[in-house]
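Dear colleague,

I am passing on the structure below, and after it you will find my notes on a few of its helices. Please read them with the model open beside you.

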Amino acid sequence: MRRPVILLALILLVLLAALAATGLLVRPPPLRAHSSTGQFDAVRAKERLAYILGDQRPHPADTEGSDVVRARLVAQLQQLGLNPLVRDQFACNELYKQRGVSCARVRNIIVILGPPGGKAVLLNAHYDSTPVGPGAADDGIGVATLLDIAEILKDRPLKRPVILLFNEGEELGLVGARAFLADPLNRDVDSLINLEARGVRGPVNMFETSRPNGGPMDAFAGAVKNPVANSLSTDVYRLLPNYTDVNSFAERGWLTLNLAPIGNETRYHSPGDDIAALDPATLQHMGDQTLALTKALASAAPAATSGDRIFMDIAGRALITLPLLAAAVLLVGLLIAFAVLSLQRGGVFRAALAIAGTMIGATILSWLLLALVGAMRHGMFWRAHPIWTHLAVYAATILAAVTLLNAIGGGLDRTRLRAAFWFIFLIIGGAIGLIAPGGIIFFIFPPLLIVGAMLAARWWQPAERVGSAVAILVLYITWGAMLGLLEELLNGGPIWIFAPLGSLLIIPVLIEAMPAIRAAGPSGAVLVPGALTLIAVAASVAAPAYSADRQQRFVIQHATDVSHGKSWWSVLNDGAPLPNGFAGSWKRGELPFSDRPRWLTPAPADGASHAPDVVLLSQAQNGNQRELMLRLVANGNEHVDLIAPPDAKILAAGTDGFIRPIDQNEEGKYDISCFGRSCDGAIVQLTIGRLQPVAFTALGGRAGLAPSAAPLLAARPRFARPQYNRDESIAFRTRRL
């Protein structure tokens with residue numbers, strides 16, 4: 001009994017090690033020791049970026065920090081012998097996937113390479129940062145990439161123009177992109193390469209294309225040597241609330257490719273997004289891909305290719321593409337084939353019950369274990385060392401799988417379990433395909449290999465076992481790489497989702513290991529994965545929740561309700577209890593202007609905080625609509641927001657030349673915002689689809705806190721920093737318009 005148990009333990013340890021190593025499948029190529037002439041030079045590009053960012057203060061649009069960065073960026077372009085154009089516009093843009101409009105004064109920087117006429121390739125990156133951090137990756141990586149490409153291509157004979165757009169105001173609501181769409185140069189564009197970032201390391205993913213994607217995928221597949229891209233990611237991205245400049249540019253119908261790294265999101269939109277954290281290998285991967293795509297698109301007009309492709313990379317070394325229709329037909333054919341095979345072999349219902357039960361049971365068990373750990377350790381306890389929590393979920397999935405395969409499928413041999421698994425695998429692929437058709441690509445090749453092996457076994461008996469091993473290896477290289485990307489993308493949770501996702505890799509391995517599982521006996525088969533689960537859970541409990549690299553989100557704000565004479569201290573974090581140094585009656589709650597849960601306690605008034613105001617200049621009625629002309633009064637605030645209740649029915653808002661519609665299909669409050677020095681005195685127009693007055697919250701904020709915040713700042717945990725929001729003094733009042 002001891003030897004089978006040891007063998008099973010070794011098999012499961014190897015399986016867990018393989019699951020822990022999925023991130024290795026999606027690493028960028030190593031940094032070159034030397035870049036030859038004409039190659040992208042990441043070291044040179046990062047040095048330029050370090051100069052441009054200087055002291056690495058935040059530099060959101062229309063601030064002194066942005067002025068400094070812009071001046072250095074223009075100087076770098078001039079040193080390359082280029083003649084940058086600086087467009088100065090006060091623009092507004094709709095907030096995508098939400099109800100609102102954002103305005104700011106932006107200065108886009110434009111450089112034109114190549115011939116003076118003809119349709120052009122647009123390379124876009126934004127040089128503004130969020131108000132929270134220096135933005136070395138977001139989007140310094142794009143700025144550095146465009147600068148190095150400018151040096152490489154500036155003296156080369158290009159067949160088509162290349163426009164480099166360093167836009168300002170992306171972080172405020174894609175304002176710079178909207179401003180460029182009012183620039184005459186936008187009429188010359190037919191292709192777009194957009195550079196973004198959601199992390200500071202890891203491979204650069206091509207995560208979005210124009211639709212249909214046949215044209216951009218032909219360009220990408222033909223140009224990029226180390227692709228990291230899959231059509232499941234591009235489809236899922238469309239379902240998420242995220243957006244980039246591509247959302248504004250999409251109305252032009254340009255051929256589009258969107259690139260970004262996502263490694264270590266804990267530094268994204270925080271002071272941790274600094275030069276030191278930006279991996280030069282990631283910068284090199286961005287530069288190599290962008291340069292190759294630019295050369296390809298600048299050499300000839302994009303081909304008029306119709307239809308959609310599905311695609312996936314193979315460990316960042318090759319790209320497989322298939323027409324969507326052909327892939328769907330192939331998936332249906334494989335589904336029918338495995339349905340027939342499963343019925344012929346018998347036991348399909350018991351096998352299907354064991355396999356489906358494993359996926360459901362593993363998900364429930366993982367959720368319960370994480371809830372138990374979460375009851376002991378509040379907040380994102382996995383943030384610093386997510387590998388242990390992922391391994392706990394995978395070990396729990398193995399435990400559920402071994403238990404149910406033994407209990408329900410115990411009388412079935414591997415051939416029956418094997419056929420049933422791939423049948424269910426294809427059903428899952430079809431279900432995913434109904435929501436995200438690009439996901440079909442992951443569900444074709446492993447079943448295709450195994451069905452071929454099953455047929456070959458008629459002439460060579462070991463063929464099915466060999467084919468099964470090869471199919472699992474292909475599944476690991478493809479779906480395992482997807483897991484590696486998702487572990488980065490979903491680092492904020494939900495972590496239990498990796499139970500059903502990981503089970504697609506775990507179950508076929510355990511089916512092949514059934515002889516070892518049965519040899520270990522009923523108790524040994526449960527004891528081994530149970531012990532591994534307990535060890536992984538214990539490690540996730542013991543591991544530090546936060547580290548110097550992966551810090552806790554912790555935002556301290558002071559909020560004043562001028563209309564009612566109330567003030568609060570506010571802490572936005574991951575829900576973890578506050579440190580002992582935070583004296584007062586802290587409770588979880590919401591502020592009047594926001595639905596976001598936070599820690600709150602009464603605070604002394606801040607005499608330096610003054611709420612912004614709004615002056616009604618004119619009002620005109622047109623049927624059931626009202627047109628309001630307003631002047632913003634900043635009162636010393638760096639941004640001004642007019643927040644209206646969900647029933648306000650604000651149809652459009654903006655400033656002259658940039659009146660933007662507001663999507664009424666979205667839900668929630670309305671937010672008309674303006675950021676920067678130029679907001680004070682700015683004239684804003686609103687179109688309201690109701691005649692009754694609307695109670696607006698006029699809210700403003702400025703960086704920093706009053707001296708009374710010193711004890712709170714001192715008590716902030718060692719490994720904690722602001723993220724997504726800055727430490728800020730906020731003041732607001734109510735105005736009926």
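The crossing of H11 and H12 is right-handed, meaning that the near helix is turned clockwise from the far one by less than a right angle, whereas anticlockwise would be left-handed. Helices here are DSSP runs of H or I with at least four residues, numbered from the N terminus. H11 (residues 348-376) and H12 (residues 386-407) pack at about 140°, with their axes, which are lines fitted to C-alpha atoms over the stretch in contact, 8 Å apart. H11 is therefore oblique to H12, since angles between N-to-C directions run from 0 to 180 degrees, and those under 35 count as roughly parallel, over 145 as roughly antiparallel, 65 to 115 as roughly perpendicular and the rest as oblique.

Among the residues in contact (heavy atoms within 4.5 Å) are Gly357 and Leu365 in H11 and Ala396 and Leu404 in H12.

This is a predicted model, in which local features need pLDDT of at least 70 and side-chain atom pairs 80 or more, while totals for chains, interfaces and linings use all residues. Residues are numbered from 1 along each chain as its sequence is written, and side-chain values use heavy atoms, without hydrogens and water.

H18 (residues 521-542) has buried residues (under 20% relative accessible area, with exposed over 50% and partly exposed in between, for a 1.4 Å probe and protein chains only) that include Val528 and Leu532, and what covers the buried residues of H18 includes H1, H11, H12 and H17. In H4, 13 of the 14 residues are buried.

Best wishes

Methods
Helices (H or I, at least four residues) and strands (E, at least two) are DSSP runs, numbered from the N terminus.
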